[in-house]
Amino acid sequence: MTGDPNNLSCAEFQSQLPDLIGSGQDVSAHPHILRCELCRALLSDLETIADAARQLFPAVEPPDDLWEHIESAIREEDTAPSASKEN
Ligand SMILES: [Zn+2]
């Protein structure tokens, strides 16, 4: 893994894709996308899915801290039973 955006394999690029999209970068201008027809097709599929999701759930905008909420919810589930045992 060199991290050089000009020299990524498809697997490396695709593993970074969620981060690229999540950080709001223009993925369609990524050097790998410009060189790689396969990942261009993948990206356009993802955009189609994202558009469809927005049309299905127009009011739903996942907050930036969504994962933190999920994580703390999991932690609460985890600690609840042991806490009741001590009482
Ligand atoms: Zn590729």
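The paragraphs below follow one helix of a predicted model and its packing against another.

In this predicted model, local features need a pLDDT of at least 70 and side-chain atom pairs count only at pLDDT 80 or more, while totals for chains, interfaces and linings use all residues. Residues are numbered from 1 along each chain as its sequence is written. The protein averages a pLDDT (the predictor's confidence in each residue, from 0 to 100) of 80, and 79% of the residues score at least 70.

Helix H1, residues 10-22 (helices are DSSP runs of H or I, at least four residues, numbered from the N terminus), bends by about 40° at Gln16, with Pro18 following within four residues; the bend is the angle between axes fitted to the seven residues ending there and the seven starting there. After H1 comes Gly24, whose phi is positive, near 80°.

H1 packs against helix H3, residues 37-56, at an angle of about 25°, their axes lying 11 Å apart, which makes the two helices roughly parallel (angles under 35 degrees count as such, taken from 0 to 180 degrees between N-to-C directions, with axes fitted to C-alpha atoms over the stretch in contact). Cys10, Phe13 and Gln14 of H1 and Leu38, Cys39 and Leu42 of H3 make the contact (C-beta atoms, placed from the backbone, within 7 Å).

Definitions and conventions:
Expected span 1.5 Å × (residues − 1). Parallel < 35°, antiparallel > 145°, perpendicular 65-115°, else oblique. Contact = placed C-beta atoms within 7 Å.
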